[in-house]
Amino acid sequence: MRQYRETFTKWLLLLSVAVALSACGFHLRGKPDLPFKSIYLNVAVNSPMGLQLKRYLKASGIIVTDNKKDAEAIFQLLAESQDQKILTLSTVGQVSEYVLYRRATFSVTDAKGKVLLPPSEIVLKRNISYNEQQALAKQAETVILYNDMQTDLVQQILRRMEAITLTPEVPVDGAEGTK
C-alpha cells in the first residue's frame, strides 16, 4: 500500500510539473522560421563559424547556394574575432581571471542589393578563472568556452535573420497595366 502511495505521489508530481510547464507557454525552440528559402553565405572558406552557420541553415531547410544569383538572400560576414584580456590580478601580480570575447559583424541583403539586415555586431564575453598550476586544463576550458560562444553567435545570428520582414514589391503608380 505504501509503495502504491509513493508511486501515485510521484506520478501526480510529474503530471503537475508537466501541466505547469504547458500552462506557462514553455516549448522547445524549434527550427528557425526564416523569411527566405535560399541564401548565399559570403564567409571565408575556412571560417568555423561560417561552416556551423551553413550546417544550421541546411538543417532548418534553407538552401545554401554557391551562387549569389540563385539566392534570395546574401549573408555577409564582415568581421569575426576572438580576444582574451586580463580581468583581475592576484595580490602578487599574477593573473587570476581572464575575460574572453567573441565578436561577429554581419549583414544580410537580398539578391538585388536591398539591405534586409544592416551591419550588426554581436559581442559575447565569458569570464574564466586562471590558475597557473592548472594551465593545461584552463587552456582546454578556454577552447570549450570559445566553441560555446561560437554556437551562441550562430544562434543569435539566426534569430536576427528570423526577425527580417520581407516587404512585397509595390508597383510604382502607373507602371501596372501599361504596355
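## Starting from Thr 105

Let's begin with one residue: Thr 105 sits in strand 4, which spans residues 95-110. The model you are looking at is a predicted one. Is Thr 105 buried or exposed? Its relative accessible area is 18%, and because buried means under 20%, Thr 105 counts as buried.

What does Thr 105 touch, once neighbours within four places in sequence are left aside? Its contacts are Gln 76, Leu 77, Leu 78 and Ala 79, together with Ser 120 and Glu 121.

## The chain as a whole

Stepping back, the chain holds three helices and five strands. Read from the N terminus, these elements follow the pattern α-β-α-β-β-β-β-α. The chain has 179 residues, and 29% of them are buried.

Among contacts with a separation of 6 or more, 67% join residues that are 24 or more positions apart. The accessible surface of the chain is about 12,600 Å², with 56% of that area belonging to carbon and sulfur atoms.

## The sheet

The five strands make an open sheet in the order 2-1-3-4-5, with mixed pairing. Strand 2 (63-65) and strand 5 (115-129) are the edge strands, each pairing on one side only. On average, neighbouring strands of the sheet are turned by 30° against each other, direction ignored.

Strand 4, the home of Thr 105, pairs with strand 3 (residues 73-89) in the antiparallel sense, over 15 bridges. If you would like to find this pairing on screen, look for Ala 73, whose bridge partner in strand 4 is Asp 110.

## Helices on the sheet

Helix 2 (residues 48-59) packs on the sheet, where it touches strand 1 (38-42), strand 2, strand 3 and strand 4. The direction of helix 2 makes about 175° with that of strand 1.

Helix 3 (residues 135-162) also packs on the sheet, touching strand 1, strand 3, strand 4 and strand 5. Here the angle between the direction of helix 3 and that of strand 5 is about 155°.

## A nonpolar patch

Which residues form a nonpolar patch on the surface? They are Tyr 4, Phe 8, Leu 12, Leu 15 and Val 19, and together they have about 550 Å² of accessible area.

One of these residues, Leu 12, lies in helix 1 (residues 2-23). Its relative accessibility is 47%, so Leu 12 counts as partly exposed, whereas Thr 105 in strand 4 is buried.

Definitions and conventions: Residues numbered from 1 in each chain as written. Predicted model: local features only at pLDDT ≥ 70, side-chain atom pairs only at ≥ 80, totals over all residues. Heavy atoms only, no water. Helix = DSSP H or I, 4+ residues; strand = E, 2+ residues; numbered from the N terminus. Buried < 20%, exposed > 50% of the residue type's maximum accessible area, 1.4 Å probe, protein only. Contact = heavy atoms within 4.5 Å. Patch = residues over 30% accessible without salt bridge, like charges linked within 9 Å, V, L, I, M, F, W, Y side chains within 5 Å. Areas by Shrake-Rupley, 256 points an atom, 1.4 Å probe, with all protein chains shown as cover. Salt bridge = Lys/Arg side-chain N within 4 Å of Asp/Glu carboxyl O. Pairing = 2+ DSSP bridges. Axes fitted to C-alpha atoms, helices over the stretch in contact; angles between N-to-C directions.
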